Amino acid sequence: MAKPAGSYCLLSCLFVLFVGCTSAAKNYQDKQVYIVYMGALPARVDYMPMSHHTSILQEVTGESSIESRLVRNYKRSFNGFAAWLTESERQILANTEDVVSVFPSKTLKLQTTASWDFLGLKKGKRAKRNPSIESDMIIGVMDSGINPLSDSFSDKGFGPPPKKWKGVCQGSKHFSCNNLNVDDVVVVYSKVIGARNYTPRIKGVPHSAIDNMGHGSHTASTAAGNAVKDVSFYGLANGTARGGVPAARIAVYKVCDPGIKGCTTDGILSAFDDAIGDNVDLITISIGDDKGLPFHEDTIAIGAFHAMAKGILTVNSAGNSGPELSTVTSVAPWIFTVGASNTNRAFVTKAVLGDGKTVVGRSVNSFDLKGTKYPVVYGKTASSNCDAASAAFCSPGCLDRKLVSGKIVLCDSGQYVKEAKYMGAVASIARSRREDTALVFSFPVAVLSGPAYDVVLSYINSTKNPIAAVLKSETIFNQKAPVIASYSSRGPNPIIPDILKPDITAPGSEIIAAYSPSVPPSIADTRHLKYSILSGTSMSCPHVAGVAAYIKTFHPRWSPSMIQSAIMTTAWPVNASTLMPEFAYGAGHVNPLAAVHPGLVYEANKSDYIAFLCGLKYTGKNLRLISGESRTCAKAQSKSLPRNLNYPSMTAQVPATKPFKVTFRRTVTNVGTSNTTYKAKVVGSKLNVEVIPDVFSLKSMHEKKSFTVTVSGKGLGAGELVASSQLIWSDGFHFVRSPIVVYAPNW
């Protein structure tokens, strides 16, 4: 199932932790929502998709009125519909000539003041901008809606929507797209130029594009929010919050809601249909499934393919299931997949013990207890009705109010510290499962590493009346960075082993951005605020979307693959403090300023991706399912190897202990300067890497040069699972880097 990179938000988005199939109403117990995908729209002028969908549904169901069955139509960018169907009806439709595929709608999950400065996009001369072009840039945000009253989305200083905009504002009567109202009154100015809502209607709940989760406001403002001064989280992380392209416009596509506990895939596909038809410039979607899916079963991959074919780049979160390997959920090469890393800013929370020792942990603690020391009790000894292990974790129902009220409670996990609050504790000290990310809690909490936590345990076990103080968090700016976040999902690619995923990493930890005042910042919280701190690949995804939009303001005609290549080949190196690091960060950490002038790019278009699919033995209906077109694979295409897709990275599975030799074929396009010569250099590997040719000259812009990279070895070596290097093409000014990764299949 897909998830927003906010559910990828670790505990910050616990309200979307479980996913499942769309549940039926009482009278639909034998039915569920299925997506009936019919491929590309026919070119006939007289074709009426909605009438066609209605007649198909009437014929299959035997019902003259299908209003209660039909969920939505796909009619702008591709063809199909979603409807309530029985299993037998699904089978009939699946065998209908006009239907490519029928698959169930699922519920997917959602996956700053300092982050853009950290990336180099500061105000000043270095970060040049094209304001007029940036103002014509439209970013489609598929998420949980936005808070239209946030200063991050104010229309002050904006003119009318770009002339290319073909969308609408259907946010509800309570949601106006700035000065663009529902009655089509003359537009004066607008930041949020459009809004649509694809979430199911829930009885008694207003059906609106307003954000009821906080997640969508956060991601939208990270990508393209206005610059807002003096933003902080109760005094923490004070500064100016802004998006990567503050002058850009935002189109809202609400596909997630707490009422459905996630994001339905039929709604997501409909959002792609509209976003493409609305003429957005790029799409950011911090949503993903529990696992990587074959392309013909992956709604986001299908929608993104159609977007790519229309020149629209889709940026997607990698997932929040790290550090386990092969957990990345966004795996298609026509999607730009983003992992998460930190910045040099961090929040630390100190606990001062009664013996004078101070232990330092991680949390976003905005509560100030003025240094007052309180009695400390261990959850393990503060229970009368649970086993010792459950009590030590402060599990629900274990803590005794009489034993914890007015005290600081020690918990072996941060998962259940809210139970201590429920029982009247003034604060908590918890052991961390992840030591690299600070979370928001609803009362004072210090989350410690194992060794620091053991110091506290030792103290309370050796002291008759232990006391401690939990201090308000401090902000530090000397954290080692960039380092991959432990939660960020990793490769290898579970579907296509020879395509490296994720592609890139960007700031995703402890990001402050716009939020919804109706949503508390943490579980059991009573606070309401306009800006909050979240962590996840949901947060890193809109950073890269903002960078992609920034690049497009300098190169409006660049294709999605050119923008993706520019970002990947100019990336920063990343601190490799993890197992098989290449599968954590892809090409490296996004470097916005360098990506504007990459020198060379690796281009791939729709035909290249279809040849790639043919090489994967996609034929007939499955090929049509993704591309939307009835095409057959040429003989040469069927023999195409996935690793020969013209991708900015190079990856292959090889035998662990036997000799191997693999060749990658690539073509670069000159986007730097005329009359220049590039030389190849391979660094950082014990592998034998041969580049032919290793020197080439380019006389003109957009000239192309092809080359091969052959990697050979006697095996990866005893105990080795992966080997990597970097190919760098340079003309003395540009440095075009591509990771080369070979790995054993039985990792």
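These are my notebook entries on a predicted model, taken one topic at a time.

**Entry 1: the annotated domain**

I began with the record. An unreviewed UniProt entry carries the annotation "domain: Inhibitor I9", and it covers residues 33-111. I then looked up that span in the model: 27% of residues 33-111 is helix and 30% is strand. The C-alpha atoms at the two ends of the span sit 23 Å apart.

**Entry 2: the nonpolar cores**

Next I went for the inside. In soluble globular proteins, nonpolar side chains tend to be buried together. Here the largest nonpolar core has 129 residues. Which residues have the most contacts inside it? I noted I287, F295, W334 and I567. Helix α12 (residues 537-554) gives the most to this core, with eight residues.

I also wrote down another core that lies apart from the largest one. This one has 25 residues, and A652, V654, V709 and L716 are among them.

**Entry 3: around W334**

I picked W334 for a closer look, since I had it listed among the residues with the most contacts inside the largest core. What is W334 in contact with, leaving aside its neighbours within four places in sequence? My list has F295, A301, A304, F305 and M308, and it goes on with Y609, F612, L613 and I626.

Several of these names came back when I checked the aromatic rings. One aromatic cluster is formed by F295, F305, W334, Y609, F612 and Y618.

**Entry 4: aromatic pairs**

How many aromatic pairs does the structure hold? I get 15. A pair of aromatic rings is described by the distance of the centres and the angle of the planes, so I wrote down both for two of the pairs.

F583 and Y743 are edge-to-face, at 5.0 Å centre to centre with 80 degrees between the planes. This pair links distant parts of the chain: F583 belongs to helix α14 (residues 582-585) and Y743 to strand β36 (residues 735-743), 160 residues apart. Both F583 and Y743 are buried.

Y602 and F707 have ring centres 6.5 Å apart and planes at 70 degrees, so I logged this pair as edge-to-face too. Distant parts of the chain are linked here as well, with Y602 in strand β28 (residues 600-602) and F707 in strand β34 (residues 704-713), 105 residues apart. Buried or exposed? Y602 is buried, at a relative accessible area of 1%, and F707 counts as buried at 3%.

**Entry 5: cis peptide bonds**

I looked up two cis peptide bonds. One joins G322 and P323, with omega about 5 degrees. P323 is in the loop between β15 (313-317) and β16 (335-341).

The other cis bond I noted joins K501 and P502, where omega is about -5 degrees. I found P502 in the loop between β24 (474-476) and β25 (504-507).

**Entry 6: positive phi outside glycine**

Y234 has a positive phi, near 50 degrees, and is not a glycine. Where does Y234 lie? It is in the loop between β8 (228-233) and β9 (236-241). With a relative accessible area of 35%, Y234 is partly exposed.

E510 also has a positive phi, about 60 degrees, without being a glycine. Its place is in the loop between β25 and β26 (511-514). I had to check whether E510 was buried or exposed. At 3% relative accessibility, E510 counts as buried, whereas Y234 is partly exposed.

Technical notes:
Residues numbered from 1 in each chain as written. Heavy atoms only, no water. UniProt positions renumbered as here; feature names shortened; annotations may be inferred. Helix = DSSP H or I, 4+ residues; strand = E, 2+ residues; numbered from the N terminus. Phe/Tyr/Trp six-rings, centres within 6.5 Å; stacked < 30°, edge-to-face > 60°. Buried < 20%, exposed > 50% of the residue type's maximum accessible area, 1.4 Å probe, protein only. Core = buried A, V, L, I, M, F, W, Y, C linked by side-chain atoms within 4.5 Å. Contact = heavy atoms within 4.5 Å.
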